[in-house]
Amino acid sequence: MSTFQAPIGTHDVLAPQSALWEGLVATFAQYAYRYGFTLAVTPMFEEIGVFNRGIGEHSDVMTKEMYVFTDRGERTYALRPEGTASVVRAFVQHQPVTPYKAWYVTPAFRYERPQAGRYRQHHQLGVEALGSDDPAMDVEVIALAWRFYEALGLTRVRLLINSMGHAECRARYVEVLRGHLDEHREQLCDEHRASWSTNPLRVLDCKRDACVAVTNDGPSLPDFLCADCAAHFAAVRAGLASLGISSTLQPRLVRGFDYYTRTTFEFVADALGSAQNAIGGGGRYDGLTEQLGGKPTSGIGFGSGIERLLLAREAEGLTSNLINRSIDVFIVDTTGGAEATALADQLRRAGFAVERAYDARSMKSQMKAADRSGARVALLVGPQELEAGQITMRDLRSDDFETAQRRVERAGLVATLREHLSK
RNA sequence: GUGGGCGUAGCUCAGUUGGUUAGAGCGCCAGGUUGUGGUCCUGGAGGUCGCGGGUUCGACCCCCGUCGCUCACCCCA
């Protein structure tokens with residue numbers, strides 16, 4: 001047991017696992033680029049108001065999961081619990097030309113008891129699109145997520161979708177819902193019997209039988225959409241369908257954050273047996289810029305959890321790496337190491353991935369290291385090669401000693417290697 | 001926040017009803033004659049048995065506490 005360990009609910013990601021992360025992020029960056037999104041890097045902590053104004057003071061995240069701290073200047077900050085609020089704050093602050101489309105990858109912090117697929121620091125990648133309420137934008141954001149999941153090889157993913165309407169639709173619904181909950185308050189679960197009135201929508205999230213029973217015969221959100229919101233929602237669903245992306249209407253899907261309006265959605269990985277099977281989610285937040293002090297601007301985005309995406313891939317039996325991180329050449333130098341230093345520099349500048357041995361180990365030891373490195377080719381430099389101005393090139397995948405290796409001229413090494421590795 | 005399971009080498013684990021130098025496999029390091037990996041053989045390094053206290057002549061083993069891991073509830077990525 002080491003003296004220090006990673007804090008509760010956090011994890012170190014090292015090779016070979018880290019290659020999966022690299023591939024996942026690289027794939028997402030590629031897709032975001034294809035869809036016209038640019039990278040946004042924002043602080044991992046913000047004034048706490050950035051989060052509680054949008055996410056909602058009565059949400060679970062704000063009431064019991066925030067990492068809050070005071071700095072030496074006695075300013076109160078919070079580590080970000082999700083990705084959207086910071087990007088929207090940056091949008092309000094800098095007012096870029098709209099539509100503004102940004103992607104991000106970031107850690108997210110929530111003070112919860114860890115369990116399978118749930119951590120105190122997890123990582124999300126996602127996008128935000130601000131400045132358009134065109135249903136085509138909803139479709140594009142959702143399609144990006146969908147195609148990205150496809151690129152990861154995931155096949156058992158379902159898209160759940162709902163619309164919360166704009167502020168007035170939502171207010172009308174909440175009023176009726178509140179009345180319904182009031183009538184049945186004695187039947188609610190222990191937690192919500194006490195708290196149902198502060199944020200009635202939270203009760204829809206509750207999975208306890210008692211609350212489910214009450215809300216199931218309560219009012220249904222889609223019935224309260226105004227004509228505009230209903231048309232918008234229909235256009236989003238039709239757009240998705242036209243791309244071959246099927247969505248399931250989930251009338252009680254309200255999501256955990258208060259800022260959502262109109263379209264809300266969630267991606268569920270059925271391969272994950274655990275309760276933590278949501279691999280991504282998002283929606284519109286047409287009032288959020290105003291809550292953060294900006295001009296009214298509509299927006300939509302989604303976030304997806306890297307750890308859960310990897311768990312979902314594992315659960316579907318997907319083992320491909322998404323990115324090649326093997327090295328090309330391993331240099332074995334038995335003349336002391338200076339030749340390896342020079343050769344490695346030359347080859348790396350020529351574009352090869354090169355590894356070498358250190359500490360002047362024996363040839364046998366260096367060859368073992370070469371094998372372990374996964375390199376395709378070992379380059380051997382001993383006194384004989386040094387004298388002759390040559391290199392012994394050995395293909396580590398071949399098991400035939402006669403044909404596996406040959407002496408090559410050091411002068412033409414780069415070309416020789418390129419030629420050999422292309423075969 | 002509540003509850004269950006578990007903490008023995010880098011990893012996966014064994015360790016008889018408490019008995020003295022705590023083991024295995026894998027991994028790592030070094031050899032197996034004169035410059036060659038992947039197989040094989042030999043040897044070696046590496047552990048305050050999570051931590052603290054208690055019971056006992058004696059604790060990896062029993063008791064208490066504590067920290068951590070893990071799973072579940074709740075909620076979410």
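**Contacts, burial and backbone geometry in chain A**

Leaving aside its neighbours within four places in sequence, T416 of chain A is in contact with M393, R406 and V408. The model in which these contacts are found is a predicted one. T416 belongs to helix 17, which covers residues 413-421, and with a relative accessibility of 17% the residue counts as buried, because the threshold for burial is set at under 20% relative accessible area.

The setting of this residue can be described at the level of the whole chain. Chain A contains 17 helices and 16 strands. Its radius of gyration is 28 Å, well over the 22 Å that the globule rule gives for 423 residues, so the chain is more spread out than a compact globule. Along the principal axes, the C-alpha trace spans about 90 × 50 × 40 Å. The chain is divided into domain 1, made up of residues 17-166 together with 226-315, and domain 2, made up of residues 329-421, and the C-alpha centres of domain 1 and domain 2 lie 48 Å apart.

Several further totals describe how the chain is packed and what its surface consists of. Of the 423 residues of chain A, 49% count as buried, while the accessible surface comes to about 20800 Å², with 50% of this area belonging to carbon and sulfur atoms. When contacts between residues at least 6 apart in sequence are considered, 70% of them join residues that are at least 24 apart. The chain carries 47 positive and 52 negative charges, and the mean positions of these two sets are 3 Å apart.

Helix 4, which runs over residues 84-94, has nine of its 11 residues buried, so it is largely enclosed by the rest of the structure. The buried residues are T84, A85, S86, V87, V88, R89, A90, F91 and V92. The elements that cover them include strand 2 (45-47) and helix 2 (48-55), as well as strand 5 (100-109), strand 6 (121-130) and helix 11 (288-291). Just after helix 4, the backbone at Q95 takes a positive phi of about 50°. In the loop between helix 4 and strand 5 lies P99, and the peptide bond that leads from T98 to P99 is cis, with omega near -5°.

A cis peptide bond also joins A15 and P16, where omega is about 0°. P16 is placed in the segment before helix 1, the helix of residues 17-34. As background to these features, most residues other than glycine have a negative phi, and most peptide bonds are trans.

Positive phi values are found at further positions, among them R262 and A360. At R262, a residue other than glycine, phi is near 45°; this residue is found in strand 9, which comprises residues 261-269, and it is buried, with a relative accessible area of 11%. At A360, likewise a residue other than glycine, phi is near 50°. A360 is found in the loop between strand 13 (354-356) and helix 14 (363-373), and at 59% relative accessibility it counts as exposed, because exposure is assigned to values over 50%.

R262 also takes part in the surroundings of H166. Not counting residues up to four places away in sequence, H166 touches C226, C229 and R262. H166 lies in the loop between strand 7 (157-163) and helix 6 (167-183), and its relative accessibility of 26% places it among the partly exposed residues. Although H166 and D228 are 62 residues apart in sequence, the distance between them in space is 9.2 Å from C-alpha to C-alpha.

A second histidine, H192, has its place in helix 7, which spans residues 190-195. H192 counts as buried, at a relative accessibility of 8%. When neighbours within four places in sequence are left aside, H192 is in contact with R202, V203, C206, R208 and C211.

Definitions and conventions. Residues are numbered from 1 along each chain as its sequence is written. Chains are lettered from A and ligands numbered from 1 in the order in which they are written. This is a predicted model: local features need pLDDT of at least 70, side-chain atom pairs count only at pLDDT 80 or more; totals for chains, interfaces and linings use all residues. Side-chain values use heavy atoms; hydrogens and water are left out. Helices (H or I, at least four residues) and strands (E, at least two) are DSSP runs, numbered from the N terminus. The radius of gyration is taken over C-alpha atoms; the globule rule is 2.2 Å times the number of residues to the power 0.38. Buried means under 20% relative accessible area, exposed over 50%, partly exposed in between (1.4 Å probe, protein chains only). Contact means heavy atoms within 4.5 Å. Accessible areas come from the Shrake-Rupley method with a 1.4 Å probe; for residues, only the protein chains shown count as cover. Lys and Arg count as positive and Asp and Glu as negative; His and the chain ends are not counted. The place of a charge is taken as NZ of Lys, CZ of Arg, CG of Asp or CD of Glu. Domain bounds come from an automatic or database domain assignment.
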